[in-house]
Amino acid sequence: LQVKYESQRKTLQTLASRLEDLGIDAQKPGGLCCPLQPVVPSPIINGYRNKSTFSVNRGPDGNPKTVGLYVGTGRERNIVCVKANHVENIPSKHKQVAQCYEEFICRSPLDPCILFHEGGHWRELVVRTTRCGHTMAIITFHPQQLGQEALATQKALLKDFFTCGSGAVCALTSLYFQESTMTRCSHEQSPYQLLHGAPHIFEELLGLKFRISPDAFFQVNTAGAEVLYQAVGELCQPTGDTVLLDICCGTGTIGLSLAHRVSKVIGVEVVEKAIEDAEWNAAFNGISNCEFHSGKAEAVLPQLLALWEDARPLVAVVNPSRAGLHYRVVRAIRSCRSIRRLLYVSCKPEGEAMRNFLELCCPPDPRKKLAGEPFAPVLAIPFDMFPHTVHCELVLLFTR
């Protein structure tokens with residue numbers, strides 16, 4: 001935890017320095033841009049991951065159908081795939097499904113797809129589990145030149161293996177199949193095909209029940225997420241008339257967990273299926289003060305906020321991917337005078353999020369169309385959402 005604390009301290013020192021370069025007096029004690037609290041530990045250290053992605057590639061023993069995790073770099077041309085048996089943050093259920101998938105593809109006459117242009121078919125495996133005991137497996141397959149009949153045969157063999165064959169030991173709740181000709185395909189680009197079981201798995205978090213689709217975002221550490229969301233709730237300082245704007249809301253976890261403390265929740269999320277989940281989650285949990293908008297935040301948010309005339313206090317929570325927020329989203333937030341308090345939840349604060357921090361805090365810049373009063377960082381709290389790794393989740397509170 002001390003190593004992670006030092007890493008976050010350097011990030012805040014960098015932000016303070018970059019703000020100084022913009023003419024903003026941001027130096028606080030220790031050269032930080034704002035006070036930094038100690039790292040909040042994860043309630044669970046081992047086997048905490050509820051989602052694991054396994055690759056298919058050549059193993060150290062030369063087996064081209066090894067299912068595991070990549071070691072090495074493309075530059076060094078020394079990439080191999082090693083089994084995840086020794087990895088402590090991956091639960092045994094995920095390792096079991098990976099082992100069964102390897103057994104299946106080793107029996108298959110079809111080759112693995114390691115490089116798209118070299119042919120082959122068997123690709124990634126994603127395993128998702130919940131504390132309710134549910135297990136979802138998603139298998140990515142490159143169709144190459146296979147016809148529909150040949151594809152149907154492979155899907156039938158896969159289903160048979162995991163329901164009647166030796167893969168039945170995994171007791172899958174859901175088995176999905178996706179034909180993908182790209183590194184990553186959304187459901188809209190190539191639909192997830194349910195081969196067996198239920199279309200969703202379910203999780204309980206902070207007393208609420210959440211439905212999870214194959215591609216919906218859900219914090220990878222469920223127990224850690226509960227601690228994180230409770231802290232976010234406190235930092236929002238919600239009152240009975242607060243409107244909570246939940247940007248990059250996924251299945252609605254943050255907004256729904258705070259819905260009873262605010263007058264209204266507005267969620268925005270790019271993954272359509274996640275919005276369907278969020279709406280189901282709200283209805284199932286008897287929450288009626290939430291509305292969810294599907295689409296890219298940079299398209300939805302400017303329209304939402306441009307016409308904002310609601311007198312109620314508006315608090316924004318953003319939880320973007322590593323790519324950070326689109327500059328149009330930052331522009332819309334800055335231009336909306338009602339937003340006085342902003343919580344930025346970042347899984348990689350030293351990366352693209354740093355650009356967002358500077359955009360939020362810099363003086364108005366007509367060239368970048370950044371108008372409105374700038375924000376200032378007030379408090380930073382790191383959360384150890386990823387034990388056994390160097391990564392850390394940082395919550396930064398901005399006010400103006």
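Okay, let's start in the sheet: strand 1, residues 51–57, is joined to strand 4 by four bridges, and those two strands run antiparallel. Keep in mind that this is a predicted model. If you want one pair of residues to look at there, take Lys51, which sits opposite Arg128 of strand 4.

On to the other neighbour. Strand 4 also pairs with strand 5, residues 135–141, again in the antiparallel sense, this time over six bridges. Leu125 has Ile139 in strand 5 as its bridge partner. Strands 4 and 5 make a hairpin with five residues between them, and in the turn Gly133 has a positive phi of about 90°.

So how many residues of strand 4 are buried? Eight of the eight, across residues 122–129, so the strand is largely enclosed by the rest of the structure.

Let me zoom in on one residue of strand 4, Glu124. Is Glu124 buried or exposed? Its relative accessibility is 15%, and the cut-off for buried is under 20%, so Glu124 counts as buried. Leaving out residues up to four places away in sequence, Glu124 touches Thr53, Phe54, Tyr101, Ile138, Ile139, Thr140 and Arg184. And Tyr70, which is 54 residues away from Glu124 along the chain, has its C-alpha 12 Å from that of Glu124.

Now zoom out to the whole sheet. It's an open one with seven strands in the order 3-2-1-4-5-6-7, and the pairing is mixed. At the edges you have strand 3, 80–82, and strand 7, 193–197, each pairing on one side only. From one strand to the next, the twist averages 35°.

Over at the strand 7 end, strand 6, residues 174–179, pairs antiparallel with strand 7 through four bridges. Tyr176 is the bridge partner of Leu194 in strand 7.

Next, the helices on the sheet. Helix 2, residues 92–107, lies across strands 1, 2, 4 and 5, at about 155° to strand 4. Helix 3, residues 148–163, packs on the sheet too, touching strands 4, 5, 6 and 7, and its direction makes about 155° with that of strand 6.

Last stop, a helix pair. Helix 8, residues 327–335, packs with helix 9, residues 352–361, at an angle of about 30°, and their axes are 10 Å apart. That makes the two roughly parallel, and the crossing is right-handed. From helix 8, Tyr327, Val330, Ile333 and Arg334 meet Arg355, Asn356, Glu359, Leu360 and Cys361 of helix 9. By type, that contact has five nonpolar residues, one polar and three charged.

Note on methods. Residues numbered from 1 in each chain as written. Predicted model: local features only at pLDDT ≥ 70, side-chain atom pairs only at ≥ 80, totals over all residues. Heavy atoms only, no water. Buried < 20%, exposed > 50% of the residue type's maximum accessible area, 1.4 Å probe, protein only. Pairing = 2+ DSSP bridges. Contact = heavy atoms within 4.5 Å. Axes fitted to C-alpha atoms, helices over the stretch in contact; angles between N-to-C directions. Parallel < 35°, antiparallel > 145°, perpendicular 65-115°, else oblique. Left-handed = near helix turned anticlockwise from the far one by under 90°. Nonpolar A, V, L, I, M, F, W, Y, C, P; charged D, E, K, R; others polar.
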